[in-house]
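Open the model in your viewer and keep the sequence panel beside it. The stops below say what to select next and what is there.

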Amino acid sequence: MALQMLEATAYPGIEAVLLKFVSLFKKERNNWLEVDFSPWGSGESSRFVFQKLREAIVNHHIIHFWYYNSAGQASRRSVEPVQLIFKAKAWYLAGYCLSSKDSRIFKINRMRDIEVTDEHYEPRMEAQAIKEAEKLEGQDLVEVKLRISAKGAYRVYDEFPDPMITANSDGSYTVRGEFPIGLWLDSYLLSFGTLLEEISPESLRNRLLSQLSILKNRLE
């Protein structure tokens with residue numbers, strides 16, 4: 001399993017190692033496990049993102065890319081990449097951002113036009129620096145409470161961990177957690193449509209009502 005995960009990142013020489021293990025244990029290689037880090041329906045280019053980032057991390061090469069934050073703002077970044085992190089159903093890149101002059105964590109799905117340069121850097125981030133970057137990433141989070149109808153069970157269990165979920169006696173679900181306030185959260189909550197029955201805090205509810213009002217006026 002570990003070797004096939006490395007194979008998914010196009011790690012050099014893994015195919016040969018897998019074949020040796022197949023021969024050593026006298027087993028046929030079957031495709032019982034498929035590891036693919038790219039989203040469903042994505043093109044071939046998405047499958048090479050992890051290979052690019054892995055090579056940049058291993059070889060200590062600076063990368064450039066456009067990044068879209070949760071407010072929908074785009075910025076050009078130059079980063080010394082340090083580590084790939086999988087957390088809360090998403091992949092992130094931890095590194096030292098030369099643009100911000102600080103440790104940062106970037107959601108890989110929001111990175112565009114990734115360019116691996118020939119510029120070499122000396123590693124400066126340590127495990128503690130990555131933890132500090134994670135703290136910084138979560139500074140704008142607010143406590144949110146949602147009630148989702150019984151028909152939305154598939155999304156509740158797909159998208160939220162069990163500790164965040166309370167099953168109500170009427171079949172609906174209450175979800176409590178911290179989320180980043182911004183356009184991303186607005187769009188995400190609106191995607192629930194009529195499955196969403198209650199939202200708090202009131203300021204977030206008012207934001208969504210304002211977004212719906214704008215959408216209604218544009219479509220009329």
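## Stop 1: Arg147 and its partners

Select R147, which is partly exposed, with a relative accessible area of 27%. This is a predicted model, and every value in the tour is computed from it. Now add E198 to the selection: the side chains of R147 and E198 meet in a salt bridge, 2.6 Å from N to O. The pair links distant parts of the chain, with R147 in strand β6 and E198 in strand β9 (residues 196-200), 51 residues apart. E198 counts as partly exposed at 31% relative accessibility. Add E197 as well, since R147, E197 and E198 are linked in a network of salt bridges.

## Stop 2: Ser149

Move along to S149, in the loop between β6 (141-148) and α6 (153-159). Is S149 buried or exposed? S149 has a relative accessible area of 10%, and the cut-off for buried is under 20%, so S149 is buried. Which residues does S149 contact, leaving aside its neighbours within four places in sequence? They are S172, Y173, L195 and E197. E197 also belongs to the salt-bridge network of the previous stop.

## Stop 3: the cis peptide bond

Select S200 and P201 and display the backbone. The peptide bond from S200 to P201 is cis, with omega near 15°. Most peptide bonds are trans. P201 lies in the loop between β9 and α8.

## Stop 4: the nonpolar patch

Continue to helix α8 (residues 202-219), which supplies the largest share of a nonpolar patch, four residues. Select L190, L209, L212, L215 and L219 and turn on the surface: together these make a nonpolar surface patch of about 470 Å². For a single member, pick L215, which is in helix α8. L215 counts as partly exposed at 42% relative accessibility.

## Stop 5: the β3-β4 hairpin

Select residues 90-107 to see strand β3 (residues 90-97) and strand β4 (residues 102-107), which pair in the antiparallel sense over six bridges. Within the pairing, L93 stands opposite F106 in β4. The two strands, β3 and β4, form a hairpin with four residues between them.

Now select K101, in the loop between β3 and β4. What is the phi of K101? K101 has a positive phi of about 55°, although K101 is not a glycine. Most residues other than glycine have a negative phi. K101 is exposed, with a relative accessible area of 63%.

Stay with the hairpin and select D102 and R104. These two form a salt bridge, the closest N and O atoms being 3.6 Å apart. R104 is partly exposed, with a relative accessible area of 21%. D102 is also partly exposed, at 36%.

## Stop 6: Asp113

Go to strand β5 (residues 111-120) and select D113 there. Phi of D113 is near 55°, a positive value in a residue other than glycine. D113 is exposed, with a relative accessible area of 58%.

## Stop 7: Arg54 and Glu55

Select R54 and E55. The side chains of R54 and E55 meet in a salt bridge, 3.9 Å from N to O. Which class does each residue fall into, buried or partly exposed? R54 counts as buried at 13% relative accessibility, whereas E55 is partly exposed, with a relative accessible area of 34%. How many salt bridges does the structure hold? It holds seven; among them is the one between R54 and E55.

## Last stop: confidence

Color the model by pLDDT. The chain averages a pLDDT of 81, and 72% of the residues score at least 70. Where is confidence lowest and where is it highest? Helix α5 (residues 127-137) has the lowest confidence, at a mean of 56, and strand β7 (residues 165-167) has the highest, at 95. Where pLDDT is low, the predicted coordinates should not be read in detail.

Conventions. Residues numbered from 1 in each chain as written. Predicted model: local features only at pLDDT ≥ 70, side-chain atom pairs only at ≥ 80, totals over all residues. Heavy atoms only, no water. Buried < 20%, exposed > 50% of the residue type's maximum accessible area, 1.4 Å probe, protein only. Contact = heavy atoms within 4.5 Å. pLDDT = per-residue confidence, 0-100. Pairing = 2+ DSSP bridges. Salt bridge = Lys/Arg side-chain N within 4 Å of Asp/Glu carboxyl O. Patch = residues over 30% accessible without salt bridge, like charges linked within 9 Å, V, L, I, M, F, W, Y side chains within 5 Å. Areas by Shrake-Rupley, 256 points an atom, 1.4 Å probe, with all protein chains shown as cover.
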